[in-house]
Amino acid sequence: MVEAMQRRASEGTSMKSFNSIIMKFPKIDESLRNCKTIFEQFDEDSNGTIEPEELKSCFQKMEMSFSEEEISDLFEACDINENMGMKFNEFIVLLCLVYLLKEDPTARHAKSKMGVPNLEATFEILVNAFVFLDKNRDGYVSKNEMVHAINETTTGERSSGRIAMKRFEEMDWDRNGMVTFKEFLFAFTRWIGIDDPEDEDDE
Ligand SMILES: [Ca+2]
Ligand SMILES: [Ca+2]
Ligand SMILES: [Ca+2]
């Protein structure tokens with residue numbers, strides 16, 4: 001995953017400012033919500049997770065050719081225990097990984113069959129946003145890089161800077177001071193409040 005992002009980072013980003021990323025948030029939210037519908041379709045036995053068998057059959061329906069090995073690689077790349085199945089936030093990571101890795105025209109065609117027309121655009125925004133933040137292009141966004149991105153914002157709105165720092169802390173799931181692209185994606189699924197409805201019920 002980190003390697004895929006480093007490779008992508010070398011291509012540069014179309015993001016010009018931190019604000020331009022923030023402006024795209026509503027579009028990202030909407031598109032990820034649509035993914036929830038896809039997730040439910042993939043989850044054939046409706047147990048809340050996608051098992052490798054379900055993933056396989058869905059890729060087949062979408063006419064995306066993945067070998068057993070590739071599917072198990074994908075599960076591994078997303079750090080998913082194969083016996084446990086995939087939750088929604090992990091599914092987003094997986095889709096994005098598929099997007100990053102399979103950039104040939106056939107795969108593009110297949111992805112359009114998922115019924116989320118803006119999904120690719122959304123992943124493009126997310127990837128661009130991450131690459132924008134990752135100034136030294138090592139595949140991680142450090143706290144310093146986040147501060148740098150905020151300071152670049154010329155509007156001088158301190159409150160948005162504070163919010164951004166808070167968001168950085170939320171993103172850094174394992175609190176090691178670095179945000180990986182996976183942590184970045186997980187954060188978006190959390191912010192739109194659809195990652196784990198069971199947790200919300202408990203509260
Ligand atoms: Ca299932
Ligand atoms: Ca970095
Ligand atoms: Ca981290």
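**Notebook: helix 5 and three loop residues**

I began with a pair of helices and noted that helix 5 passes helix 10 in a right-handed crossing. The model I am reading is predicted, and I keep that in mind for every entry below.

I then looked up the geometry of this pair: helix 5, residues 88–101, and helix 10, residues 181–191, pack at an angle of about 130°, and their axes are 9 Å apart. The two helices are therefore oblique to each other. For the contact itself I listed Phe88, Asn89, Ile92, Val93 and Cys96 on the side of helix 5, and Lys182, Leu185, Phe186 and Thr189 on the side of helix 10. Sorted by class, I have six nonpolar residues, two polar ones and one charged one in the contact of helix 5 with helix 10.

Next I stayed with helix 5 and checked its length, finding that its 14 residues reach 20 Å from the first C-alpha to the last, close to the 20 Å expected at 1.5 Å a residue. How many of the residues of helix 5 are buried? I find 12 of the 14, so helix 5 is largely enclosed by the rest of the structure. Among the buried residues I noted Glu90, Phe91, Leu94, Leu95 and Tyr99, and also Phe88, Asn89, Ile92, Val93 and Cys96, which I had already entered under the contact with helix 10. The buried residues of helix 5 pack against helix 1 (2–9), helix 2, helix 4 (68–77), helix 7 and helix 10.

I turned to the backbone angles with a reminder to myself that most residues other than glycine have a negative phi. Ser46, which is not a glycine, has a positive phi near 50°, and I place Ser46 in the loop between helix 2 (18–42) and helix 3 (52–61). Ser46 counts as exposed because it has 7 C-beta neighbours inside 10 Å. Arg137 also has a positive phi, of about 55°, although it is not a glycine; I find Arg137 in the loop between helix 7 (119–133) and strand 1 (140–142). With 14 other C-beta atoms within 10 Å, Arg137 is partly exposed.

My last entry is on Trp173, which sits in the loop between helix 9 (158–171) and strand 2 (178–180). Is Trp173 buried, exposed or partly exposed? Trp173 is partly exposed, with 14 other C-beta atoms within 10 Å. Leaving aside its neighbours within four places in sequence, I find Trp173 in contact with Glu183 and Phe186, and Phe186 is also one of the residues of helix 10 that I listed in the contact with helix 5. The C-alpha atoms of Trp173 and Phe184 are separated by 9.1 Å, the two residues being 11 apart along the chain.

Notes. Residues are numbered from 1 along each chain as its sequence is written. Chains are lettered from A and ligands numbered from 1 in the order in which they are written. This is a predicted model: local features need pLDDT of at least 70, side-chain atom pairs count only at pLDDT 80 or more; totals for chains, interfaces and linings use all residues. Axes are lines fitted to C-alpha atoms, for helices over the stretch in contact, and angles run from 0 to 180 degrees between N-to-C directions. Helices (H or I, at least four residues) and strands (E, at least two) are DSSP runs, numbered from the N terminus. Angles under 35 degrees count as roughly parallel, over 145 as roughly antiparallel, 65 to 115 as roughly perpendicular and the rest as oblique. A crossing is left-handed if the near helix is turned anticlockwise from the far one by less than a right angle, and right-handed if clockwise. Two residues are in contact if their C-beta atoms, placed from the backbone, lie within 7 Å. Ala, Val, Leu, Ile, Met, Phe, Trp, Tyr, Cys and Pro count as nonpolar, Asp, Glu, Lys and Arg as charged, and the others, Gly among them, as polar. A residue is buried if 20 or more other C-beta atoms lie within 10 Å of its own, exposed if 12 or fewer, and partly exposed in between; C-beta atoms are placed from the backbone. The expected span of a helix is 1.5 Å times one less than its number of residues.
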